[in-house]
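Thanks for coming. I will go through one structure today, chain by chain, and then turn to the contact between the chains and to confidence.

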Amino acid sequence: VIPDPVASSTKVSDPDADALAAAARGDERAFARLVDRHLARVHSLAYRVLGVRAEAEDVAQEVLLRAWRQLPTWRPGEAKFSTWLQRVTLNLVNDRLRGRRDQVDVEQVELASASPGPEQESARLDQARRVRAALQQLPERQRDAMLLCHFEGLGNIEAAAALQISVEALESLLGRARRRLRELLIDA
Amino acid sequence: MTESRHERIVELIAAYGADRRRWPAAERLAHEVDDAASQAAAREARELDALLDTLQAPPPPSALRREILLAVAREPRHGSRGLGDAWRELWRELGGARIAAPALVLAFGVGVGLDWAMTPPLGAEAESEDLLTLVQFEETYTELDP
């Protein structure tokens, strides 16, 4: 049954509520509207860490198919659909990173990021690769917090709900993550 | 500025960075970064923010949307579904046209074959009556023979 109860017991209002109800009854057009609203965000969340287009696309597809399969058991008001998607995306991304740990995938990541272009763009891509590598070195919870808050622009309450932690715990994770990233990217 | 407010600004910068748009909405306008320590923290945070912001994501390819919706159309739905859906799902579980259909044809063929083998041919009933009569006749005959 999705979603799992979030820390707060108050009912959450969800802008996707109508489309969710229709999609839960099997309305594929309503589900297409949900895909249109959320696909880019799910994909970017996966791509930023994984750095391989094909893998990010696999993750995005898997997340949305899981949503479709589980929609009949969706309990409105417990969490926002977007929050649930972010949580599932982070879980799948972390699974893939754990799976990679033993096999060096750097070449594949670099191929996906590298594209011919002006020198400035090449420098930016190089920085981006360093940032991605640093993110991959963070502990999972710190990385998840950074991804949601810094890269996806979620508010602290929404990000805390997605990670099922308090706002104070979220701020602690973010502070530690930024300190570590600074060590890896600037102080090193 | 009070000490606690100063501490809070440093905490906010440490957690969310220098860009106030990433700060909690309720605190964006409540604090001014106007002392030397906060400004130094903000400068450092801006440096890291700039590096982090180089990590951008391309938009998903349009084919991905199409693939997801095609996969959804093929997906069995669990939960609220009719008898038709249940039959379709059972059909898929049995292997669909690739496995279930040949199996059904084979089963039908075997069934028809068995039925044919067990059913006496036309006129067989009369023939068996004739044989019975013959046996009775032969028995009667052997009794009378001596």
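Read along the sequence, the pattern of chain A is α-α-α-α-α-α-α-α-α. That is nine helices and zero strands. Before going further, note that this is a predicted model, with an ipTM of 0.83 and a pTM of 0.71.

Staying with chain A, 51% of its 188 residues are buried. Of the contacts in chain A with a separation of 6 or more, 69% are between residues 24 or more positions apart.

One backbone detail in chain A deserves a remark. Gln164(A) has a phi near 55°, which is a positive value in a residue other than glycine. Where is Gln164(A) found? It sits in the loop between helix 8 (156–163) and helix 9 (167–187) of chain A. With a relative accessibility of 39%, Gln164(A) counts as partly exposed.

Next, the salt bridges. Side chains of opposite charge can pair when their charged atoms come close. Over all chains, a search of the whole structure finds 24 salt bridges. I will pick out a few.

The pair Asp16(A) and Arg37(A) forms a salt bridge with an N to O distance of 2.4 Å. Which parts of chain A does this pair tie together? Asp16(A) lies in the segment before helix 1 (17–24), and Arg37(A) lies in helix 2 (residues 28–50), so the salt bridge joins parts that are 21 residues apart in sequence. As for the surroundings of the two partners, Asp16(A) is buried, at 3% relative accessible area, while Arg37(A) is partly exposed, at 43% relative accessibility.

A second pair stays within one helix. Glu62(A) and Arg66(A) form a salt bridge, and their closest N and O atoms are 3.0 Å apart. Both residues belong to helix 3 (residues 53–70) of chain A, and because they are four residues apart there, about one helical turn separates them. Glu62(A) is partly exposed at 26% relative accessibility, and Arg66(A) is partly exposed at 30% relative accessible area.

Chain B has a pair of this kind in helix 1. There, Glu11(B) and Arg8(B) meet in a salt bridge at 3.0 Å, N to O. They are three residues apart in helix 1 of chain B, so the separation is about one helical turn. Buried or exposed, how do the two partners count? Glu11(B) is partly exposed, with a relative accessible area of 43%. Arg8(B), at 18% relative accessibility, counts as buried.

Back in chain A, there is also a network of salt bridges, which links Glu55(A), Asp58(A), Arg96(A) and Arg100(A).

Now the contact between the two chains. Chain A puts 45 residues into the contact, and chain B puts in 37 residues. The buried area between chain B and chain A is about 3700 Å², and carbon and sulfur atoms give 62% of that.

How many salt bridges are there between chain B and chain A? The count is six salt bridges. For one salt bridge between the chains, take Arg182(A) and Glu47(B), whose closest N and O atoms are 3.3 Å apart. The count of residue pairs in polar contact between chain B and chain A, both at pLDDT 80 or more, is 14.

On the side of chain B that touches chain A, helix 1 (3–16), helix 2 (36–52) and helix 3 (62–74) of chain B each supply at least two residues. Helix 3 of chain B gives the most to that side, with eight residues. Sorted by class, the side of chain B that touches chain A has 21 nonpolar, 10 charged and six polar residues.

Last, confidence in chain B. The average pLDDT of chain B is 74, and 60% of the residues score at least 70. Which elements of chain B have the highest and the lowest mean pLDDT? Helix 3 of chain B has the highest, at 96, and helix 6 (residues 124–144) of chain B has the lowest, at 45. For residues 130–146 of chain B, the pLDDT is below 50, and this stretch has zero contacts in the model beyond near neighbours in sequence. Where pLDDT is low, the predicted coordinates should not be read in detail.

That is the end of the talk; I can take questions now.

Technical notes:
Residues numbered from 1 in each chain as written. Chains lettered and ligands numbered in written order. Heavy atoms only, no water. Contact = heavy atoms within 4.5 Å. Buried area = accessible area lost by both parts, 1.4 Å probe. Salt bridge = Lys/Arg side-chain N within 4 Å of Asp/Glu carboxyl O. Polar contact = N/O pair within 3.5 Å; in protein donor to acceptor, adjacent residues only side chain to side chain. Nonpolar A, V, L, I, M, F, W, Y, C, P; charged D, E, K, R; others polar. pLDDT = per-residue confidence, 0-100. Buried < 20%, exposed > 50% of the residue type's maximum accessible area, 1.4 Å probe, protein only.
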